[in-house]
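Grab a pencil and get the structure viewer ready. Below are some exercises to try yourself before you read the solutions.

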Amino acid sequence: MDSKLLDLLAQRYDSEEEIVTAITNREAILHLPKGTEHFVSDLHGEYHAFQHVLRNGAGKVKEKIRDIFEGELSDQEINEFSSLVYYPEDKVKLIKVRMNNAQELNQWYTEIIDYMIRLLPYVSSKYTRTKLHNALPKQFAFIIEELLYKTGDHFNKEQYYTKMVQQIISLGQAEKLIVGLAYTVQRLVVDHLHVVGDIYDRGPEPDKIMDTLIDNHSVDIQWGNHDVLWIGAFAGSKVCLANIIRICARYANLDIIEDAYGINLRPLVNLAEKYYEDNPAFRPKLHKDEEMSDFEQIQITKIHQAIAIIQFKLESPIIKRRPDFQMEDRLLLEKVDYDSDEITLRGEKYPLENTCFATVDPKQPAALLEEEIEVIDKLLFSVQHSEKLARHMNFLMKKGSLYLKYNGNLLIHGCIPLDEEGNMAEMKIGDQTYAGRELLDVFEKYVRHAFAHVEETDDLATDIIWYLWAGKYSSLFGKKEMTTFERYFIKDKQTHKEIKNPYYYLREKQEVCRDILTDFGLDPDQGHIINGHTPVKEIEGENPVKADGKMIVIDGGFSKAYQSTTGIAGYTLLFNSYGMQIVAHKQFTSKEDVLENGTDVLSVRRLVDKELERKKVLETNVGEELQQEISILKSLLEYRYKN
Ligand SMILES: O=P(O)(O)OC[C@H]1O[C@](O)(COP(=O)(O)O)[C@@H](O)[C@@H]1O
Ligand SMILES: [Mn+2]
């Protein structure tokens, strides 16, 4: 190793003992059981349901509580204690109301602190003391560590501990301590979180999910098609921007745009009021118990049409300047007969209904009106100047990627585009052809380029982000074409079909999955592919575990809009030192329900893969990094002290 680098490193480790300690510490960690990974996907703005799955560690928190307290506490008490760990602030508030006097409350504090202190060593048993220390609430770290040593044979210290707990209570700190301990338990139960795409769209609070992820101690993200759409909008793609607003209008979520991100919709509203009327095809989709005045619905309906038409117009020049995208079939505005309100698709004529072409000039249908140009430009300015959106998009870029190889598995939101024979499908970009991993790498390179040059709005990089949303060989979309236009304007449902890439049936075969893993440089005997994106229809008996366990699809649909199709409220996947388990979550009612009644989301677990031997940190990505560090530290030791 370069002696300059070693000199630099020596400033950090400036004694032989320090280096030896650092090496020993790392060596020890390598032999601990691997931490628990938790995989979630397709959150689609459903902040509350996501929060719950996160807080209960996909059922792991209660399982640990049960392990320790079964027999000692009743089911009801276990439920109460669990909900306290999930939502400590709210639960403490509720309990306080129930108490008759201070003495009763103090008694409760004493009991709960004792439970927590007994639970903590169990949930942290596979971590080093340093890791536990770092997970503790800072202001109480000393006290908690003292209390933790109570366990075992320190009987003669009993009084000391009792006194300490009483002190905490009398100083009015019990509540804070309990809350802090609850979050420590949550954090230790799941060591690392993977979000396999689609944080955004359809649901009401993607921004809050982003804030939660930013606060999470250890997370990575594999971008979903909806996430790149938002990245695209921020990176200067006007067509991506039109899409995100259209989807927000469609699901009556314009608050996300206006209130959460502070983007001014006034110019769009004015345009919408001027050119559009009520239109049944563009009424917002409300979920079953959502109420909205007719006035508001009609206003959204107008906005929805205005932005959809802008979107369709914006697609045209991109399709024309990018023959490599092979999307000429999607030049739909140009296939419309504006006199008869008909369209010709693949030689077949279809009548159009619910049309709204007031701003379309039949002679040049894709031309934007001056007013439309002004609207989209102002929107883009507003989007690119939203401080909160910038923060969220930067985080998506920092923690996110198109795919991830992690602990031997391949994580990807959508698919690896294949042909019918199962070969990696090829796409030409410029004068090169790419397939499989290379194609994904080149896509990602363009996404990062576009994000680094937000002022460019029409370059290849920016156009490719849109391609990732709707293109045939996009690893995120994975369908032949997106039939948005047809679904608004054509009655014949045949035209609405979006034909999936062969990947979606070929992934049932073990051989295909093994080939993909190999293409990504992973061991096909050990690895799995983990996908989101396509809702698993549990109702129809579809199995999320495919290809003899090589393929796991975890989109069970957090999205309320899709729950009637899937029959459940989402799958998540747990991967700990004993193996992999898929968890099917039943519908989440509300946080209040969990708090008041102790009802939890019933989660059904299924074993995917059992490790023959308990997996150690040594065999993980973290282990690889530690080994590299050990080797550097050893070089330092040699260089400084052994010469
Ligand atoms: O349900 P909606 O809002 O009509 O959206 C349907 C569109 O969403 C998509 O399914 C993509 O979204 P997903 O990634 O959630 O599947 C498109 O294929 C389809 O055109
Ligand atoms: Mn998706």
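The exercises go through helices, sheets and single residues, and the model you're looking at is a predicted one.

**Exercise 1. Check the length of helix α27 (residues 621-641), then work out how its buried residues are arranged.**

Step 1. Start with the length. Helix α27 has 21 residues, and at 1.5 Å a residue it should span 30 Å. The C-alpha atoms at its ends are 30 Å apart, so the expected span and the model agree.

Step 2. Now pick out the buried residues, using the cut-off of under 20% relative accessible area. In α27 these are G623, L626, I630, L633, L636 and L637.

Step 3. Look down the axis of α27. The buried residues fall within an arc of 130°, so they line one face of the helix. Here's the general idea behind that: an α-helix has 3.6 residues a turn, so residues three or four places apart point the same way.

Step 4. Ask what lies over that face. The cover on the buried residues of α27 includes α1 (3-12) and α2 (16-30).

Step 5. Compare this with the domain assignment. Domain 1 is made of two stretches, 4-30 and 626-642. The assignment also gives domain 2 (59-191) and domain 3 (225-398 + 407-493), and the centres of domain 2 and domain 3, taken over C-alpha atoms, are 49 Å apart.

**Exercise 2. Put together the sheet that contains β4, β5 and β6.**

Step 1. Begin with strands β5 (residues 342-345) and β6 (residues 348-351). They run antiparallel and are joined by four bridges. Two pairs to find in your viewer: I343 has Y350 as its bridge partner, and T344 stands opposite K349.

Step 2. Add strand β4 (residues 336-337). It pairs with β5 in the antiparallel sense over two bridges, with V336 opposite I343.

Step 3. Write down the order. This is an open sheet of three strands, β4-β5-β6. β4 and β6 are at the edges with a single partner strand each, so one side of each has no neighbour in the sheet.

Step 4. Check the turns. The hairpin of β4 and β5 has four residues between the strands, and D341 in the turn has a positive phi of about 55°. The hairpin of β5 and β6 has two residues between the strands, and there R346 takes a positive phi near 45°.

Step 5. Follow the side chains along β5. I343 and L345 point to one face and are buried, while E342 and T344 point to the other and are not. That's the usual pattern: in a regular strand the side chains alternate between the two faces of the sheet.

**Exercise 3. Which strands are at the edges of the five-stranded sheet, and which helix packs on it?**

Step 1. Read off the order, which is β8-β9-β12-β14-β13, in an open sheet with mixed pairing.

Step 2. Find the edges. They are β8 (403-406) and β13 (545-546), and each pairs on one side only.

Step 3. Zoom in on β8. Four bridges join β8 to strand β9 (residues 409-412), and the two run antiparallel. K405 stands opposite L410 in β9.

Step 4. Look for the helix. Helix α20 (residues 436-452) packs on the sheet and touches β8 and β9, and its direction makes about 120° with that of β8.

**Exercise 4. Is N225 buried or exposed, and which residues does N225 touch?**

Step 1. Locate N225 in helix α13 (residues 225-234).

Step 2. Check the accessibility. N225 has a relative accessible area of 4%, so N225 is buried.

Step 3. List the contacts, leaving out residues up to four places away in sequence. N225 touches D198, H413, L468, W469, L476 and H533.

Step 4. Compare sequence with space. N225 and G414 are 189 residues apart in sequence, but 7.9 Å apart C-alpha to C-alpha.

**Exercise 5. For D201 and D548, decide: buried or exposed?**

Step 1. Place D201 in the loop between β2 (192-195) and α12 (206-215). D201 has a positive phi near 75°.

Step 2. With a relative accessible area of 2%, D201 is buried.

Step 3. Place D548 in the loop between β13 and β14 (551-553). D548 has a positive phi too, near 50°.

Step 4. The relative accessibility of D548 is 67%, so D548 counts as exposed.

Definitions and conventions
Residues are numbered from 1 along each chain as its sequence is written. Chains are lettered from A and ligands numbered from 1 in the order in which they are written. This is a predicted model: local features need pLDDT of at least 70, side-chain atom pairs count only at pLDDT 80 or more; totals for chains, interfaces and linings use all residues. Side-chain values use heavy atoms; hydrogens and water are left out. The expected span of a helix is 1.5 Å times one less than its number of residues. Buried means under 20% relative accessible area, exposed over 50%, partly exposed in between (1.4 Å probe, protein chains only). The arc is that of the directions from the helix axis to the C-beta atoms. Contact means heavy atoms within 4.5 Å. Domain bounds come from an automatic or database domain assignment. Two strands pair if DSSP finds at least two bridges between them. Axes are lines fitted to C-alpha atoms, for helices over the stretch in contact, and angles run from 0 to 180 degrees between N-to-C directions.
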